[in-house]
Amino acid sequence: MSPRGSIPLGSTLSDTMRCPLCATEDTRVIDSRPAEGGGAIRRRRECLVCGERFTTFERPVILATVVKRGGRKEAFDREKIRRGLESALADRPVSDGTVDDIVARIEASARAGSALVTSDELGKAVLAELRNVDEVAYLRFASVYKEFQGASDFEREAAALERRDNGAPVL
Ligand SMILES: [Zn+2]
């Protein structure tokens with residue numbers, strides 16, 4: 001049984017890693033090379049206490065940042081996207097699984113490229129998804145996102161939706 005205590009604060013700041021066999025922090029890197037086509041680094045490590053050798057991989061974790069209209073930045077929040085979708089889809093015949101899929105697609109697109117996305121782009125991505133799933137939800141979200149001023153805005157958007165559908169079955 002390996003002794004597994006809590007790691008003292010500050011001890012993780014170096015490049016050492018605890019031995020998976022004896023849990024000592026006295027390990028060293030004996031080889032380091034690019035892996036996965038340069039997308040990761042593979043390190044061979046050796047425990048200086050028990051002699052165990054093990055491999056670790058270092059991979060980037062990309063967190064998306066959202067740039068708000070005023071220029072302020074905040075971390076991408078998938079729950080915020082989910083809440084927006086759920087309120088637009090309230091009482092509509094759309095499964096939770098569909099919402100999960102949409103959230104996952106939007107998160108993946110937000111992380112693509114520079115992982116910097118504007119709140120406008122996010123809003124448009126949500127609109128594009130909702131347009132394919134449920135027209136009522138699309139119009140609800142559009143009325144908030146596009147800040148409809150009155151009934152005429154709503155009618156214009158509904159008419160645009162109808163032109164685009166061109167005979168497709170309406171839910
Ligand atoms: Zn060890």
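This is a short spoken walk through the fold of one chain, taken from a predicted model.

Okay, let's start with the overall layout. The chain has 5 helices and 6 strands. If you read from the N terminus, the elements go β-β-β-β-β-α-α-β-α-α-α. Of the 171 residues, 14% are buried. And if you take the contacts with a separation of 6 or more, 38% of them link residues 24 or more positions apart.

Let's begin with the early strands. Strand S1, residues 27-35, and strand S2, residues 40-47, run antiparallel, and 8 bridges join them. If you want a spot to look at, find Arg 33, whose bridge partner in S2 is Arg 42. These two strands make a hairpin with 4 residues between them, and in the turn Glu 36 has a positive phi of about 55 degrees.

Next along is strand S3, residues 53-58. S2 pairs with S3 as well, again in the antiparallel sense, over 6 bridges. Here Arg 45 stands opposite Phe 54 in S3. This hairpin has 5 residues between the strands, and Gly 51 takes a positive phi near 85 degrees. So how many of the 6 residues in S3 are buried? The count is 0, and the strand is hardly covered.

Now over to the other sheet I want to show you. It's an open one, with 3 strands in the order S5-S4-S6 and mixed pairing. Which strands stand at the edges? Those are S5, residues 73-75, and S6, residues 116-118; each has a single partner strand, so one side of each has no neighbour in the sheet. On average, neighbouring strands here are turned by 35 degrees against each other, ignoring direction. S4, residues 65-67, pairs with S5 in the antiparallel sense over 3 bridges. In that pairing, Val 67 sits opposite Lys 73. Helix H3, residues 119-133, packs on this sheet and touches S4 and S6, with its direction making about 75 degrees with that of S6.

On to the helices, and H1 is a good place to begin. H1 covers residues 78-88, and its buried residues include Ile 81, Leu 85 and Ala 88. Why do the buried residues line one face of the helix? Looking down the axis of H1, they fall within an arc of 65 degrees, so they end up on one face. There's a general point behind this: an α-helix has 3.6 residues a turn, so residues three or four places apart point the same way. The face of H1 turned away from the buried side carries Glu 79, Arg 83 and Ser 87, which are exposed. As for what covers the buried residues of H1, that includes helix H2 (96-111), H3 and helix H4 (135-145).

Then there's H2 itself. With 16 residues at 1.5 Å a residue, H2 should span 22 Å, and its end C-alpha atoms are 23 Å apart, which agrees. Ile 102, Val 103, Ile 106 and Ala 110 are buried in H2. Seen down the axis, the buried residues of H2 fall within an arc of 100 degrees, so they line one face too. Turn H2 around and you find Gly 97, Asp 100, Ala 104 and Ala 108 exposed on the other side. The cover over the buried residues of H2 includes H1, S6 and H3.

So, to pull the helices together: H2 helps cover the buried residues of H1, and H1 helps cover those of H2. H3 is among the cover for H1, and H3 also packs on the sheet, touching S4 and S6. That's the tour, thanks.

Technical notes: Residues numbered from 1 in each chain as written. Predicted model: local features only at pLDDT ≥ 70, side-chain atom pairs only at ≥ 80, totals over all residues. Pairing = 2+ DSSP bridges. Axes fitted to C-alpha atoms, helices over the stretch in contact; angles between N-to-C directions. Contact = placed C-beta atoms within 7 Å. Buried ≥ 20, exposed ≤ 12 C-beta atoms within 10 Å, placed from the backbone. Arc of directions from axis to C-beta. Expected span 1.5 Å × (residues − 1).
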